[in-house]
Amino acid sequence: MKGDELMILKALKKNKHVTVNYYENGLLQTFKGKIQNLNLTDQTLSLRDEKQNIFSIRLSGIKEIY
């Protein structure tokens, strides 16, 4: 893993609100929430929405995070 990629992953571990554009079943989706967990073993990013529901996204499907 390159240094820049590692810095980005470390930044994701902070507990903040983000918007994630990702691909699921070939369709571009958007999810807004607070970062709950970054699991590098399972390659997933878990987010909590405003209703406190937790949603996991595969890192390989993520197109953009802001």
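This report describes three loop residues, two with a positive phi and one that is buried without a salt bridge.

The structure is a predicted model, in which local features need pLDDT of at least 70 and side-chain atom pairs count only at pLDDT 80 or more, while totals for chains, interfaces and linings use all residues. Residues are numbered from 1 along each chain as its sequence is written, and side-chain values use heavy atoms, with hydrogens and water left out.

Strands here are DSSP runs of at least two residues labelled E, numbered from the N terminus. Accessibility is relative, with buried meaning under 20%, exposed over 50% and partly exposed in between (1.4 Å probe, protein chains only).

| Residue | Phi | Loop |
|---|---|---|
| Asn25 | near 55° | between strand E1 (17–24) and strand E2 (27–39) |
| Gln43 | near 60° | between E2 and strand E3 (44–48) |

Asn25 counts as exposed because its relative accessibility is 77%, whereas Gln43, at 36%, counts as partly exposed.

Asp49 lies in the loop between E3 and strand E4 (54–58). Asp49 is buried but has no salt bridge, the nearest side chain of opposite charge being that of Lys51, 6.7 Å away; a salt bridge is a side-chain nitrogen of Lys or Arg within 4 Å of a carboxyl oxygen of Asp or Glu, and in assigning charge Lys and Arg count as positive and Asp and Glu as negative, with His and the chain ends not counted. The Asp49 side chain nevertheless reaches the backbone nitrogen of Lys51 at 3.0 Å. Leaving aside neighbours within four places in sequence, Asp49 is in contact (heavy atoms within 4.5 Å) with Phe31, Lys32 and Gly33.

Terms used:
Helix = DSSP H or I, 4+ residues; strand = E, 2+ residues; numbered from the N terminus. Polar contact = N/O pair within 3.5 Å; in protein donor to acceptor, adjacent residues only side chain to side chain.
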